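I opened this model to look up the ligand site, some salt bridges and one tryptophan. My notes follow in the order I took them.

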Amino acid sequence: MIAKNQTKVLVTGAGGFIGSHLVTYLKNKGYWVRGVDIKEPEFSKTDADEFELLDLRRWDNCLQATRNIQEVYALAADMGGMGFISNHNAQILYNNSLINLHTLDAAKTNGVERYLYTSSACIYPEYLQEEADVKPLKEEDAYPAQPQDAYGWEKLISEILCMHYRNDYGIETRTVRFHNIFGEKGSWEGGREKAPAAMCRKIAEVKLTGKKEIEIWGDGEQTRSFCYVDDCVEGIHRLIHSDFSEPLNLGQDRIVTINQLADIIAEIANVKVTKKHIDGPMGVRGRNSDNTKLREVLGWEPKISLEDGLKKTYDWIENQVKEKIQNKTETAAA
Ligand code: NAD
């Protein structure tokens, strides 16, 4: 049942990490929510009023997804951590271009009023991110463009697409550039997981199996900032209703090395770990968010500390690892 005056919202990628959290956030705010994805949420039942399994690379499916909708949060993407992004350039460029071209065009065709596109810090040029002690990235640093991977190039093109659809057709597009969002209910194994989840898994394995060592790609001195998912969904809800239509950073601006990230998680888990540095994709050497514009535009910025967010994330991943070990033991005993 849709209540009179209830805003109807579409979340694409609602079966994924941020999408599933966003659906819950929007439901708690009183919206009527349709979720769309090519897969059901992996870790809990969706809170959406309606959930449709649709491949958004197809325009007809995008038309179906955006019917009778006032606001779209476009989160669907073929994506993962550095290991995935740096090894699937053609696939990512093809799939994500189709998803974003078709979702935005269908939204315009169906008269959607507001459209939030989720871009990424991966659009920023490689030449500004060569030092671990990096200068925080401002929105205007995006050009001259030189993203490291096809993932970032596609995000840049879709940002520009949003600008032109707003100028030419009047659809109110908003663009957010996320900086490393983490939390529970995201990929934690299988190749698509990002650094915080991968590190929580490796440290949980040390704790639960008596292993001593964790592997870290590169020397671990590469730097990033990490933002907890509850801040992320609050930020994009604020942004879609703001009058700011240029791309905006959304992340924390506290920079840590990957070695420090591992130390914080090991402390949360209360275990001692030995770090083994191996070859692997590291991404850019350093990256941080400049939040000056975020504070100006939204009068708000992410508040949840890295330690608090990691505690929740670690506890959830430790439980996942525990369940997996139990299932393996039961299968072996059967
Ligand atoms: P995710 O992989 O958990 O979610 C993306 C969802 O899109 C998945 O559930 C996937 O099944 C779905 N999808 C993929 N192809 C599809 C298709 N053809 N049709 C319909 N659905 C499809 O990723 P996430 O971390 O939740 O990211 C959400 C958005 O935020 C993405 O656009 C991502 O690029 C962007 N982003 C995320 C981060 C981060 O740190 N998590 C950083 C920068 C940008």
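Entry 1, ligand shell. The model is a predicted one, and I kept that in mind throughout. I began with the ligand and found 26 residues surrounding it. The closest of them are Phe17, Asp37, Tyr151, Lys155 and Ile181. I then sorted the shell by residue class, which gave 13 nonpolar, seven polar and six charged residues.

Entry 2, backbone contacts to the ligand. I looked up where backbone N or O atoms approach oxygen atoms of the ligand. For Gly16 the distance is 3.1 Å. A backbone N or O atom of Ile18 lies 2.8 Å from a ligand oxygen, and for Ile181 I also read 2.8 Å from backbone N or O to an oxygen of the ligand. Next I checked how far the ligand is covered: it exposes 820 Å² when taken alone, and the protein buries 92% of that.

Entry 3, elements around the ligand. Which elements give two or more residues to the shell? I noted helix H1 (17-28), strand S5 (114-120) and helix H5 (150-169). S5 supplies the largest share, with three residues.

Entry 4, salt bridges. I counted 26 salt bridges in the model, taking a side-chain nitrogen of Lys or Arg within 4 Å of a carboxyl oxygen of Asp or Glu. I wrote down three of them in detail.

Entry 5, Arg67 and Glu50. Their side chains meet in a salt bridge, with 3.4 Å from N to O. This pair links distant parts of the chain, 17 residues apart. Arg67 sits in the loop between helix H2 (59-65) and strand S4 (71-74), and Glu50 is in strand S3 (residues 50-53). I looked up the exposure of both partners. Arg67 has a relative accessible area of 28% and is partly exposed; Glu50, at 25%, is partly exposed too.

Entry 6, Arg201 and Glu205. The closest N and O atoms of this salt bridge are 3.8 Å apart. How many residues separate the two partners in helix H6? They are four residues apart in H6 (residues 195-209), so about one helical turn lies between them. Is Arg201 buried or partly exposed? I have it as buried, because its relative accessibility is 13% and the cut-off for buried is under 20%. Glu205 has 22% relative accessibility, so I entered it as partly exposed.

Entry 7, Glu234 and Arg238. The side chains form a salt bridge at 2.9 Å, N to O. Both residues lie in helix H7 (residues 229-240), four residues apart, about one turn of the helix. Arg238 counts as partly exposed at 34% relative accessibility. I then looked for salt bridges that share partners, and found that they join Arg34, Glu50, Glu52 and Arg67 into one network.

Entry 8, Trp217. I located Trp217 in strand S8 (residues 213-217). Its relative accessibility is 35%, so I recorded Trp217 as partly exposed. I listed its contacts, leaving aside neighbours within four places in sequence. They are Gly83, Gln222, Ile278, Asp279, Gly280, Pro281 and Met282. I also took one distance from this residue: the C-alpha atoms of Trp217 and Asp141 are 27 Å apart in space, and the two residues are 76 apart in sequence.

Notes: Residues numbered from 1 in each chain as written. Predicted model: local features only at pLDDT ≥ 70, side-chain atom pairs only at ≥ 80, totals over all residues. Heavy atoms only, no water. Near = heavy atom within 4 Å. Polar contact = N/O pair within 3.5 Å; in protein donor to acceptor, adjacent residues only side chain to side chain. Areas by Shrake-Rupley, 256 points an atom, 1.4 Å probe, with all protein chains shown as cover. Nonpolar A, V, L, I, M, F, W, Y, C, P; charged D, E, K, R; others polar. Buried < 20%, exposed > 50% of the residue type's maximum accessible area, 1.4 Å probe, protein only. Contact = heavy atoms within 4.5 Å.
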